[in-house]
Each structure stands twice: as structure tokens, then as C-alpha cells.
Amino acid sequence: MAAISREEVAHLARLSRLAVTEEELDMFAGQLDVILQAVAQVGEVAAADIPPTSHSVPLTNIFREDVVTPCLTPEEALSGAPDAEDQRFRVPRILSEDVAS
Amino acid sequence: MSEMTGMSDFTRMTATEIASLVAGGETSAVEVTQAHLDRIAAVDDRVHAFLHVDTEGALAAARAVDERRAAGEVLGPLAGVPVAVKDVLATRGVPTTVGSKILEGWRPPYDATIVQRLREAGTVMLGKTNMDEFAMGSSTEYSAYGPTHNPWDLSRIPGGSGGGSAAALAAYEAPLAIGSDTGGSIRQPGAVTGTVGAKPTYGGTSRYGLVAFSSSLDTPGPCARNVLDAALLHQVIGGHDPMDSTSIPQPVPDVVAAARLGATGDLTGVRLGIVSEFVGEGAEPGVMAAFRESVDALTKMGADVVEVSCPTFAYALPAYYLIAPSECSSNLARFDGVRFGLRVGDDGNRSLEEVMSLTREAGFGPEVKRRIMIGTYALSSGYYDAYYGQAQKVRTLITRDFNAAFERVDALISPTTPSVAFPMGARTADPYQMYLADLYTIPTNLYGGPGISVPCGLSEGLPVGLQVMAPTMADDRMYRVAAALESAVGTFTPPAL
């Protein structure tokens with residue numbers, strides 16, 4: 001039995017903000033199924049009482065001194081932006097026209 | 001130096017030899033750098049180790065070293081030595097793509113901490129090396145800019161994701177290189193190119209300026225053609241960085257002294273454990289033969305070698321391929337076509353979300369998309385406990401296996417990879433087969449300790465690597481064992497290109 005359907009892969013692509021093509025969906029559906037069936041092996045391990053590990057370094061709440069240090073200028077920070085205006089990142093329309101009007 | 005040593009032979013020298021000649025005024029950093037740039041110009045059209053060669057920047061850095069020496073300054077141990085940097089690290093003003101179209105043309109406004117330390121040490125950055133897109137892959141075939149070829153056999157893969165750095169070393173284009181290791185991306189390319197690759201303790205090298213793939217696993221580290229050079233580079237780039245909140249606030253273990261100690265060939269009293277799970281039927285016979293001979297060599301040098309079982313290592317690969325994609329699906333959300341890189345479909349009518357989806361569709365390659373979707377799946381409600389949550393518990397058990405093993409032995413050993421370099425194209429149609437190349441390297445990443453791959457022999461004319469794994473913050477131990485093995489088996493030279 002397949003672990004994941006083509007429709008579920010299409011849903012994952014939408015959640016992941018990937019405008020995948022129909023051909024890609026055909027390819028990914030099979031490949032993700034193989035991968036998910038293989039990684040599902042973790043379920044064979046008896047680990048009900050085992051605490052999870054998210055990180056190997058036991059450090060928490062690392063703060064620096066609250067002092068002003070040099071940082072990027074606005075020009076530097078915006079230097080890689082696809083579009084910028086008035087020292088800000090310029091983005092495509094966020095609200096639909098119906099809402100905006 | 002023999003009479004045979006001419007200018008072109010700078011490319012055959014160790015980093016230690018180059019630094020000594022530059023410091024002694026017997027040559028200049030500019031001459032050494034030019035020799036490597038010439039070598040790149042001669043061979044890189046066939047190897048494709050580099051995505052960007054920074055000729056002007058390299059020569060300027062070399063001139064600065066020569067001027068400092070002329071002014072009487074005492075230079076550091078790697079001053080004047082060229083280094084190739086994996087394209088995963090931000091380099092101020094120098095293109096940084098991570099092997100992806102989504103960052104094509106991006107010139108970072110800042111240096112990664114490691115790059116800054118390389119500059120301060122007087123090393124000369126030659127350029128940026130090829131890699132699997134976002135460091136996701138084991139062959140460098142997933143680079144959006146075309147694959148790198150293994151200098152031992154140009155029809156074979158150089159490993160991945162850091163195939164460019166490893167190939168640059170094996171092709172004598174650079175004596176030193178920087179890699180990053182999330183599941184084996186330094187050690188596996190080292191193994192299949194006959195070079196040395198070390199993954200430091202997680203937190204022992206700074207991730208500041210390293211384009212994030214899986215933040216709880218990503219570890220930048222040194223690549224070289226011999227163990228001492230790797231240790232010297234490790235010493236230069238390692239150590240606490242306040243800019244990285246997971247950086248360990250302790251000094252780097254004395255890896256250079258350990259490499260020198262190991263090179264004496266004496267391992268008396270050192271206890272080594274062969275990981276039982278990694279010497280079974282999974283590895284190629286030629287790999288196992290080279291590994292067994294190396295174990296004999298280690299024993300002859302006085303090491304006490306036993307077998308140690310780490311039963312949960314069998315589940316490291318599936319756990320990794322849940323944890324790493326989960327973290328990647330979150331990390332790569334930043335590539336949204338707003339702050340840097342590509343933007344596609346912004347015609348004034350489309351919404352932000354549509355532009356974002358079109359940008360990511362055009363900018364990411366198939367393996368990156370697969371991992372983002374796997375991660376999105378593993379983190380979604382309903383699947384979280386069975387996939388990501390369970391993988392994190394397996395990570396705890398793997399750590400316990402390591403801790404139990406290190407009560408019995410000082411370091412663990414295994415082959416670095418199950419096979420020698422495979423032919424290009426052999427695994428691209430079957431993503432899971434590609435994942436299996438990391439079978440022996442992944443447990444170390446999940447645990448967080450250090451691991452090194454050192455050349456240990458040849459199988460059918462191709463290099464085999466032996467992996468040494470040590471406890472967290474005991475990086476010096478693995479350098480000692482690796483240097484001892486190197487003193488017994490020597491280094492390996494590929495056929496002329």
C-alpha cells in the first residue's frame with residue numbers, strides 16, 4: 001500500500017509554496033512514497049519512554065551583552081533584494097483588490 | 001627540497017610546506033597563489049570543482065601576506081596558503097550560490113565567521129567550490145550548475161555534498177578546503193577522492209554565515225590532503241563564536257599536537273572499537289579488505305582493537321532523513337523572493353503567495369523540493385509523533401549507544417562509506433539509493449561528536465576511507481588515530497589528469 005497519494009503530494013507542494021508541474025507530481029508521488037516507506041522504519045524502535053533529542057549541545061538562552069555593535073547599513077542589507085524602495089524590501093501585492101478597495 | 005622542485009610543484013606541496021616557504025621568504029604567497037590559479041585554469045574545465053574563481057581577490061590577499069612578511073610581521077601557521085571554500089559559506093562581495101539557482105548572482109554583504117578567520121589567518125581564498133544544492137546530496141550531481149568529476153576517474157562522482165572541495169584537493173587545485181557536514185558531506189567526499197575530511201564536534205565550528213540546511217546537524221570543517229594540514233586548518237577556523245548561539249564556549253582541543261603525536265606511529269594504550277553494524281554485508285568486499293588491512297596496521301602500532309555493537313545505528317539513516325528534511329523545510333522558508341535571490345512572476349498582478357510559489361518552483365531543484373515536502377509531511381499534525389517525534393527519540397537512543405561505546409573504547413572506527421566512488425548517473429533516478437551513501441557517517445551527526453575520514457587503501461584503483469569517531473569535544477583523539485594510520489599506509493595520488 002502506498003504511504004502517500006498523488007493528491008497528498010499536491011497538497012504538500014501547496015503547503016510548501018512550490019508551484020509544481022503535473023509531470024513533477026507524477027515523479028514526486030512515486031519517489032516520496034519510496035522515501036516515506038523507508039524512513040517509517042523508525043517506528044520499529046521501542047521508544048515510548050525515551051525523551052526526544054532536538055539538539056546535541058545543551059545550551060539555552062544565549063544572550064550577548066546589550067551594547068551597540070556595528071551592523072549592516074540599510075544599503076548593504078537591501079543589496080541582494082529583488083526589489084527595494086525607500087530603504088525597504090518591496091513585495092508583490094499582499095491583499096486582493098476586493099479586500100483593498 | 002630536491003632539484004626537481006620547480007615553481008609548478010607548489011601545487012603538490014602540503015599546506016605546512018607552503019607556509020614554511022612563505023614564512024622563510026623562499027617564495028612569495030603571490031607565486032604560490034598564481035601556481036594554483038594556473039592549475040585551476042588547466043584542469044577545472046574537466047573537474048568542475050569551482051563555481052567561482054576569485055582571481056583578483058586571491059592575488060590581493062596573497063600580496064597582503066607578502067607585504068606583512070616584508071614588514072617583519074610574524075605570520076600564522078597557514079599564512080600564504082591557498083584555500084578553496086565550499087559555496088555554502090557567505091563571502092563578502094564574492095558570489096555565494098549554495099549550488100542553487102535561487103541564489104544565483106547573490107553577493108553577500110558580510111563574511112561567515114569561518115571565512116573571516118581564514119582571512120585573519122592570512123590564508124588565500126581561491127574561490128567557491130561546487131556542491132549539491134543546499135548541501136543535499138551525496139554526489140554533487142544535484143548542483144544546479146552541473147556536476148563535479150572525481151579526479152581519480154572523471155566518469156565517477158566525487159561524493160557530496162562537498163564534492164567540489166574534495167575534488168579541488170585531489171586535482172591539486174588547492175592544498176586546503178572548507179566543507180560542511182550535515183550527514184557526511186565532508187567525510188564521504190574525502191573517502192571517495194582519497195583525501196582527508198574532518199567533521200568537528202557540533203558547535204566546535206561556527207555556523208554564522210553558513211547557509212542553513214539542518215541547523216541541529218550542520219557542521220563546517222576542514223578538508224586537506226593529509227591529516228596534519230586538516231588539523232592546522234581546524235585550529236584556525238574552530239573555537240567559540242558569540243554570533244552562533246550553539247557555539248560551544250570552550251577552546252578547540254589541541255588537534256595539531258594530536259596529529260603530530262599520531263604521526264609518530266605509536267598507538268600504545270589506545271582502545272578502538274569497530275562498529276559491528278558497519279562491517280557486515282553492507283559494504284563492498286574491496287572496501288572491507290582495505291578496512292581490515294588498516295585495522296591490522298592500527299593493531300601493529302599498539303592499539304587495542306575490539307568490536308562494539310551499536311544496535312540503534314541501524315535506524316540512524318531513517319531518523320536522519322526525517323530530522324534533516326524537517327529542519328530544512330523550515331529553514332528554506334526564508335527563500336521567498338523578498339530579501340535576496342530570485343523572484344519569478346512578479347508582473348504586478350500576481351499575489352505575494354503566487355510569486356513566492358513560482359519563485360521557489362523555478363529556483364529549487366528536485367532533491368530540495370523532495371526534502372522540503374518530506375519535512376512538511378513529517379512535521380504536519382497527525383504525522384508528527386510517528387515521524388519527526390519518533391526520529392528525535394531514536395536520536396536519543398543513538399546518543400546512548402555512543403556514550404556506552406565510549407565507556408569501553410576511546411574512539412570508534414568503520415569504513416567511511418559502503419562503496420568506492422560510483423559512476424555518475426548511477427543513483428540519480430533513485431533518491432533513496434543516493435541516501436545510502438551516508439549510511440556510516442550519519443550517526444555521528446545525530447550524536448554531535450567529531451568524525452574524520454582518512455584514506456586507508458585502494459579498491460579496484462579507487463580510494464577507500466576509514467572513519468574515526470570520537471566523543472564530543474575529543475576531536476584530538478580522532479586526529480591522533482587518523483595521523484597514525486596515515487603514517488602506516490601513506491597518502492594516495494590519483495592518476496595524472
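**Exercise 1. Which residues of helix α8 (residues 255-262) of chain B are buried, and where do they lie around the helix axis?**

Solution. Keep in mind that this is a predicted model.
- Step 1. Apply the cut-off: buried means under 20% relative accessible area.
- Step 2. List the residues of α8(B) that pass: V255(B), V256(B), A258(B), A259(B) and G262(B).
- Step 3. Look down the axis of α8(B). These buried residues fall within an arc of 160 degrees, so they line one face of the helix.
- Step 4. Find their packing partners. The buried residues of α8(B) pack against α7 (227-237) and α16 (475-489) of chain B.

**Exercise 2. Describe the surroundings of strand β5 (residues 196-199) of chain B.**

Solution.
- Step 1. Recall the rule: side chains in a regular strand alternate between the two faces of the sheet.
- Step 2. Sort the residues by side. V196(B) and A198(B) lie on one side of β5(B), G197(B) and K199(B) on the other.
- Step 3. Check burial. All four are buried, and both faces of the strand are covered.
- Step 4. Take the pairing with strand β6 (residues 219-224) of chain B. The two strands run antiparallel and are joined by two bridges. Here V196(B) stands opposite A224(B).
- Step 5. Take strand β10 (residues 451-459) of chain B. Its pairing with β5(B) is also antiparallel, over three bridges. G197(B) has S453(B) as its bridge partner.

**Exercise 3. Place V91(A) and state its exposure.**

Solution.
- Step 1. Locate V91(A): the loop between β2 (88-89) and α4 (97-100) of chain A.
- Step 2. Read its relative accessible area: 31%, so V91(A) is partly exposed.
- Step 3. Add its patch partners. V91(A) forms a nonpolar surface patch with F89(A), I94(A) and L95(A). Together they have about 360 Å² of accessible area.

Note on methods:
Residues are numbered from 1 along each chain as its sequence is written. Chains are lettered from A and ligands numbered from 1 in the order in which they are written. This is a predicted model: local features need pLDDT of at least 70, side-chain atom pairs count only at pLDDT 80 or more; totals for chains, interfaces and linings use all residues. Side-chain values use heavy atoms; hydrogens and water are left out. Patches are made of residues with over 30% relative accessible area and no salt bridge: like charges are joined within 9 Å, nonpolar side chains (Val, Leu, Ile, Met, Phe, Trp, Tyr) within 5 Å. Accessible areas come from the Shrake-Rupley method with a 1.4 Å probe; for residues, only the protein chains shown count as cover. A salt bridge is a side-chain nitrogen of Lys or Arg within 4 Å of a carboxyl oxygen of Asp or Glu. Buried means under 20% relative accessible area, exposed over 50%, partly exposed in between (1.4 Å probe, protein chains only). Two strands pair if DSSP finds at least two bridges between them. The arc is that of the directions from the helix axis to the C-beta atoms. Contact means heavy atoms within 4.5 Å.
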